[in-house]
Amino acid sequence: DAIKEDSARAISFLNKKGYRTVMITGDNEKTARAIAKQAGIKEVIANVLPEDKSKKVEELQKRGMVAFVGDGINDAPALKQSNVGIAMGTGTDIAIESGDIVLAKGSLIGVAQGIMLSKATFRKIKQNLFWAFAYNVIAIPVAVIGLLHPIIAEAAMALSSITVVMNANLLRRARI
């Protein structure tokens with residue numbers, strides 16, 4: 001297949017962020033390398049039979065977490081085998097059913113956006129846990145020993161919950 005116009009931009013972003021990009025394809029080596037070069041992918045595993053894609057993913061998993069992007073019937077087992085299966089919404093029904101994430105637009109830019117969104121979400125989770133624990137570790141014991149009036153402790157708890165919700169809503173402003 002010819003690469004989509006934004007694929008090279010998405011691969012470039014992933015490479016700059018330190019992600020290892022690998023193409024696993026049933027195409028012959030020469031064709032695969034030509035397409036990979038256009039996309040900016042440096043590592044190619046070519047001539048892979050459909051039933052062997054999931055085995056190749058399993059081999060890659062020995063070196064770390066693997067996100068597999070696919071859109072065809074032949075990609076379904078590899079999508080299931082990977083740590084995160086990313087199916088293109090423009091692909092086959094079986095691929096869509098096999099993926100953990102489905103990219104509605106069918107563009108690799110969605111992979112980069114998904115990674116950025118998940119990182120931003122995880123940062124918010126850690127921030128919110130900090131605020132929730134800060135209240136519980138400081139305010140509750142101080143209230144229990146009588147140094148903080150129970151109404152003030154109750155207000156602080158409500159304020160803690162409001163802070164968590166407001167902080168989570170700041171995720172909407174994240175530039176993805």
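These notes cover a parallel sheet, one helix residue and an aromatic pair in a predicted model.

1. **Sheet order.** Three strands make up an open sheet, ordered β3-β4-β5, with parallel pairing. β3 and β5 are the edge strands, each pairing on one side only. On average, neighbouring strands of this sheet are turned by 20° against each other, direction ignored.

2. **β3 against β4.** Strand β3 spans residues 67-70 and runs parallel to β4, with four bridges joining the two. For register, start at Ala67: its bridge partner in β4 is Val84.

3. **β4 against β5.** Strand β5 covers residues 101-103. Three bridges pair β5 with β4, again in the parallel sense. Two positions fix the register here. Ile86 has Ile101 as its bridge partner in β5. Met88 stands opposite Leu103, also in β5.

4. **Cover on β4.** Is β4 mostly covered or mostly open? Strand β4, residues 84-88, is mostly covered, with four of its five residues buried. In the sheet order, β4 stands between β3 and β5.

5. **Crossovers.** Helix α4 (residues 76-81) joins β3 and β4 in a β-α-β unit, and the unit is right-handed. Helix α5 (residues 93-98) does the equivalent for β4 and β5, and that β-α-β unit is right-handed too. β4 therefore belongs to both units.

6. **Ser98.** This residue sits in helix α5. Why does Ser98 count as buried? Its relative accessibility is 7%, and the cut-off for buried is under 20%. A polar atom of the Ser98 side chain lies 2.7 Å from the backbone oxygen of Ile94.

7. **Contacts of Ser98.** Which residues does Ser98 contact, leaving aside neighbours within four places in sequence? They are Ala76, Leu79 and Lys80. Helix α4 takes in residues 76-81, so these contacts link the Ser98 position in α5 to α4.

8. **Aromatic pair.** How many aromatic pairs are there by the ring-centre rule? The count is one. The pair is Phe130 with Trp131, and its geometry is edge-to-face. The ring centres are 5.1 Å apart and the planes meet at 75°. That angle qualifies because edge-to-face requires planes over 60 degrees apart.

9. **Trp131 exposure.** Trp131 counts as partly exposed, because its relative accessibility is 43%. The partly exposed class lies between the buried limit of 20% and the exposed limit of 50%. Ser98, by contrast, counts as buried at 7%.

Note on methods: Residues are numbered from 1 along each chain as its sequence is written. This is a predicted model: local features need pLDDT of at least 70, side-chain atom pairs count only at pLDDT 80 or more; totals for chains, interfaces and linings use all residues. Side-chain values use heavy atoms; hydrogens and water are left out. Rings of Phe, Tyr and Trp (its six-membered ring) pair if their centres lie within 6.5 Å; planes under 30 degrees apart count as stacked, over 60 as edge-to-face and the rest as tilted. Buried means under 20% relative accessible area, exposed over 50%, partly exposed in between (1.4 Å probe, protein chains only). Two strands pair if DSSP finds at least two bridges between them. Axes are lines fitted to C-alpha atoms, for helices over the stretch in contact, and angles run from 0 to 180 degrees between N-to-C directions. A polar contact is a pair of N or O atoms within 3.5 Å; within protein, one must be able to donate a hydrogen and the other to accept it, and residues adjacent in sequence count only if both atoms are side-chain atoms. Contact means heavy atoms within 4.5 Å.
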